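Biologist: I'd like to go through this one with you and hear the reasoning behind each label. Can you show me what you have?

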Amino acid sequence: MSKLLTSFDSAIQQIEDGATIIVGGFGLSGIPEKLIIALRDKGVKDLTIVSNNCGVDDWGLGLLLENKQIKKMIASYVGENKLFEQQFLSGELEVELVPQGTLAERLRAGGAGIPAFYTATGVGTEVAKGKEHKEFDGRTYIMEKGIVGDFAFVKAWKADHFGNLVYRKTARNFNPVVATAGKVTIVEVEELVGTGELDPDEIHTSGVYVQKVLVGKDYEKRIERLTTANA
Amino acid sequence: MTRQLILERAVKEIQDGMCVNLGIGMPTLIANMIPNDFNVMLQSENGLLGIGPYPKKVEVDPDLINAGKETVTAKAGASFFDSAESFAMIRGGHIDLAILGGMEVSENGDLANWMIPGKMVKGMGGAMDLVQGAKRIVVIMDHVNKHGESKVKKSCTLPLTGEKVVHCLITELAVFQFSEAGMELIELQNGITLDEVKSKTEADFTISPSIEIKA
């Protein structure tokens, strides 16, 4: 059975209201922009979205906010977004803030079959409230749980037909752990290559984690903060 | 000017051969001040060790940004990795130094730098991971707020980023170090008197013998 699909709409057909979707990307870099647009167009609601950030007002996950499709957001930093602020203050949007490293590790753990782990991150802060504390070798840690999503949306640079993935530069970010943490992982790429064309030594994500692959065209790759040497 | 004073003192914390994480905002400016003959690898939480200078216009690449979402370059010897590995590096104690901004620091080394109650919550990003994981935490901030109130507190009033995590605090007035014994004033910035530091510091601190002599 081929993992390769041609329609973004049919790739997300089975997603229903109330689903938990984990989304790769850091800021607007390495976000699955085509899958997010398809999800916006599909209009499913009451979604729980797990992603480091929540896009900006008119791009990335901000499109789902605009359409009021997100019920709960699990993220580490959401400060780039006025819509987010409005919906949060009005009580429409529930938010769970997770330290960035803890979020990455919760996804890694979820994808690796580890239900929970201990970390010192957040000890003595609001993040630790209500969590199990445990001492190891004289230092206090809190327990954090792994995250598994109904679906995972991933953006990679290249894929082969088996779904082996290669990312590009810092567009890799959360995508490899996100890919492991979805019950159904859907990947969009810039380039599809034949099976065997990727050097096995260079594959970042094994195709074992990937259920569907789509090729996107004309990536916008918006830049949040353009900074140059002569600026 | 006070900012320059703080940055010039902060860059002295960086030694040749270190792997360093510079926080978003003011700490990022330290990157340009590291001596050219130092081999220092700057880490960016989103998955880069070896941040280079900002790109020329033709080099701008949306797939290459820093944790502040600014376009950057990668220097020779740089490596890319995913977010879980990036924080394994931090949490596992492999980053020698993190220089972070602060809102409040307390006399026992608590740091608050991520939220102000009543204002929109933006999130802690990687700050809570960094303060627990990096080998040494240096905080740079103004000594007092815009109302003239000390930001160097007996105990923090803002929600904490971490408890007893600060090793060194650099302000435009002074440099303090923290240990089990408490907070110690170890340097006065040029032209600053001990009395001024005392009057603008809410926290209790001891004074290094080297300063007593100068004073």
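Modeller: Sure, and keep in mind that this is a predicted model. Let's start with chain A: among its contacts between residues at least 6 apart in sequence, 71% join residues at least 24 apart. In chain B, residues 24 or more positions apart account for 59% of the contacts with a separation of 6 or more.

Biologist: And what secondary structure does chain A have?

Modeller: Six helices and eleven strands.

Biologist: What makes chain A as compact as a globular protein of that length?

Modeller: Its radius of gyration is 18 Å, and the globule rule gives 17 Å for 231 residues. Those two values are close, so chain A counts as compact as a globular protein of that length. Along the principal axes, its C-alpha atoms fill a box of roughly 50 × 50 × 40 Å.

Biologist: How do you know what to say about chain B, on the radius of gyration?

Modeller: By the same kind of check. Chain B has five helices and 13 strands. Its radius of gyration is 18 Å, close to the 17 Å from the globule rule for 215 residues, so chain B is as compact as a globular protein of that length. Its C-alpha box is roughly 50 × 40 × 30 Å along the principal axes.

Biologist: How many of the residues count as buried in chain A?

Modeller: 55% of the 231 residues. For chain B, buried residues make up 56% of the 215.

Biologist: Why is Ser86(B) called buried?

Modeller: The cut-off for buried is under 20% relative accessible area. Ser86(B) has 0%, so it is buried. The residue sits in helix H2 (residues 83-91) of chain B. Leaving out residues up to four places away in sequence, Ser86(B) touches Gln43(B), Ser44(B), Glu45(B), Gly47(B) and Phe81(B).

Biologist: Now the cysteines. Why is there no bond from Cys19(B) to Cys168(B)?

Modeller: A disulfide needs two cysteine sulfur atoms within 2.5 Å. The closest cysteine sulfur to that of Cys19(B) is in Cys168(B), 19 Å away, so that is too far for a bond. Over all chains, the structure holds zero disulfides.

Biologist: Is Cys19(B) buried or exposed, and how do you know?

Modeller: Buried: its relative accessible area is 18%, and the limit is under 20%. Cys54(A) counts as buried too, at 1% relative accessibility.

Biologist: Why is Asp46(A) called partly exposed?

Modeller: Partly exposed is the class in between, with buried under 20% and exposed over 50%. Asp46(A) comes out at 42%, so it counts as partly exposed. You'll find Asp46(A) in the loop between helix H2 (33-42) and strand E2 (47-50) of chain A. Its phi is near 55 degrees, a positive value in a residue other than glycine.

Biologist: And what makes Asp137(A) exposed?

Modeller: The cut-off is over 50%, and Asp137(A) has a relative accessible area of 84%, so it is exposed. This residue lies in the loop between strand E6 (133-136) and strand E7 (139-145) of chain A. Phi of Asp137(A) is near 50 degrees, again positive in a residue other than glycine.

Biologist: Last one: how far apart are the mean positions of the positive and negative charges of chain A?

Modeller: 1 Å, for 27 positive and 32 negative charges. Chain B has 20 positive and 28 negative side chains, with the centres of the two sets 4 Å apart.

How values were computed. Residues numbered from 1 in each chain as written. Chains lettered and ligands numbered in written order. Predicted model: local features only at pLDDT ≥ 70, side-chain atom pairs only at ≥ 80, totals over all residues. Heavy atoms only, no water. Helix = DSSP H or I, 4+ residues; strand = E, 2+ residues; numbered from the N terminus. Rg over C-alpha atoms; globule rule 2.2 N^0.38 Å. Buried < 20%, exposed > 50% of the residue type's maximum accessible area, 1.4 Å probe, protein only. Contact = heavy atoms within 4.5 Å. Lys, Arg positive; Asp, Glu negative; His and termini not counted. Charge placed at Lys NZ, Arg CZ, Asp CG, Glu CD.
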